[in-house]
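This briefing is for a reader at the bench who wants the charged pairs and one helix of the model set out in order. Please keep the sequence and the structure open while reading.

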Amino acid sequence: MASNRSLQSWLTYLEAIHPLSMDFKLERIKTVLKNLNLGKIAPLIITVAGTNGKGSTSTTIANLYHSAGKRVGLFTSPHIWRFNERIRIDLEEAEDCDIIAAFEAIEAARGEITLTYFEFATLAAFYLFKEKQVDVAVLEVGLGGRLDSTNIIDADIAVITPIGIDHTAQLGNTIEEIAREKAGIIKDRAAVITAEASPNISITKRVTESSATLYQNGRDFHYQLQKSGKFHYQFQKMPELTLPAPALKGLHQYQNAATAITALYIGASKLGITPSQEIIVEGLKRVKLEGRFQQLSRPDSPLIYLDVTHNPQGALVLKSLIEDLRSEKGESFEIIALLGMLKDKDSVALATPLKEVIQSWITATIDDCDRGQSGEALAAKIQPIIQQTILVAPSIAAGCKLALEKARPQDIIIVFGSFHMMADSLNWFKENRYV
């Protein structure tokens, strides 16, 4: 392939070279990794799996290590605006030229082996982390854990965020089955951090089998919220810290932050770091992540919140955030939902807890991927649960326009249901002077 191809040309090419968008067979990517001859991609490797909170926790871990003066590589997925978001060096998006160089090296190394889009992205992150000599590589698992592309290298620290029902076709129909797949990131004698105070038996069993060391929320690290919004955090018998509220909104972000801080404490000695209140405060303050109950506003207009919630567990978190808004603002406003979902997601389970706190619903068509579905199909699925008229928009942009036309200045519009909803809605609202 010609070396003067643009990044977009490469991405178009990658979408076509493997017959499946997801292919959970690690032999192919392991062979290509071996051909690349990278060795260990960083002195400290941290892999983050779970159903919810992976992105927030991974990003917070990266910010904490960066605040401690270490060079950090961060790999996350999916992206909202552009591919470069997936690979960050010292919190900055990788440059097009660097990603292209990584793709060229992978293309040469793969020979006749086909790779999926995500496998190419994973190897590109590994290549750039090694090339840029990062001190710590933070890897967010794409789906599951055991058979995810990120799992082809051994993590020193495995972080497992809260687990719920999602991706049942690939991971199983019960929490125990899904937890077993997530626990696949635990390697022999690794450190394991569980965000949940009572980790699933599949996780504790894997810890024992791997002779790993478990650091459990509520036992090995503790956090406690204060009325001021600040929180106390303590790792084992280390001094207790008083810390500011996480930059990301929601009570669940305290759990994510505490889990991330624990990853700093555990990896600190390996990189010659002494965690301090100053380092941790600075790291927490710097965390930014689009699409996590992200607020947009303009004068005398409804508030907008954008959130990537797309599963039942996330819906409960979103419900809590809406209830917090109700407590803060009183009862004189309505919540208008703009919902778009992929057809393989459980829209009924998502809508069920939210019907109590949302007054008006609009469904939008997602048509930028094979898994997208029409607003009409989505409305038909949730209408028996919502039991009210649902407006349907032919596109995400049309849904934003319809929501704004329907809303009064004191109302709140929440856009959610998929990562695919984020870029188009962000674009539309920003074009309409929302910041």
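What follows covers salt bridges first and then a helix, in a model that is predicted.

A search of the whole structure finds 18 salt bridges, and a few of them are described here. One set of residues, made up of R82, R88, E93 and D96, is linked in a network of salt bridges, and D96 is also where helix α4 (residues 96-110) begins.

**The salt bridges of E93**

- E93 forms a salt bridge with R82, and the closest N and O atoms of this pair are 2.9 Å apart.
- Because E93 lies in strand β4 (residues 92-93) while R82 lies in the loop between β2 (72-75) and β3 (87-89), the pair ties together parts that are 11 residues apart in sequence.
- E93 forms a salt bridge with R88 as well, with the closest N and O atoms 3.9 Å apart.
- On accessibility, E93 is partly exposed with a relative accessible area of 27%, R82 is partly exposed with a relative accessible area of 40%, and R88 counts as partly exposed at 23% relative accessibility.

**The pair R408 and D411**

- R408 forms a salt bridge with D411, in which the closest N and O atoms are 2.9 Å apart.
- The two partners fall into separate accessibility classes, since R408, at 36% relative accessibility, counts as partly exposed, whereas D411, at 2%, counts as buried, the cut-off for buried being under 20% relative accessible area.

**Helix α4**

- Helix α4 (residues 96-110) has 15 residues, which at 1.5 Å a residue should span 21 Å, and this agrees with its end C-alpha atoms, which are 21 Å apart.
- The buried residues of α4 are I99, I100, A102, F103, A105, I106, E107, A109 and R110, so that list includes the charged side chains of E107 and R110 next to residues such as I99 and F103.
- An α-helix has 3.6 residues a turn, so residues three or four places apart point the same way.
- The buried residues of α4 pack against three other helices, namely α1 (7-17), α2 (26-36) and α5 (117-131).
- After α4 comes G111, whose phi is positive, near 60 degrees.

Note on methods: Residues numbered from 1 in each chain as written. Predicted model: local features only at pLDDT ≥ 70, side-chain atom pairs only at ≥ 80, totals over all residues. Heavy atoms only, no water. Salt bridge = Lys/Arg side-chain N within 4 Å of Asp/Glu carboxyl O. Helix = DSSP H or I, 4+ residues; strand = E, 2+ residues; numbered from the N terminus. Buried < 20%, exposed > 50% of the residue type's maximum accessible area, 1.4 Å probe, protein only. Expected span 1.5 Å × (residues − 1). Contact = heavy atoms within 4.5 Å.
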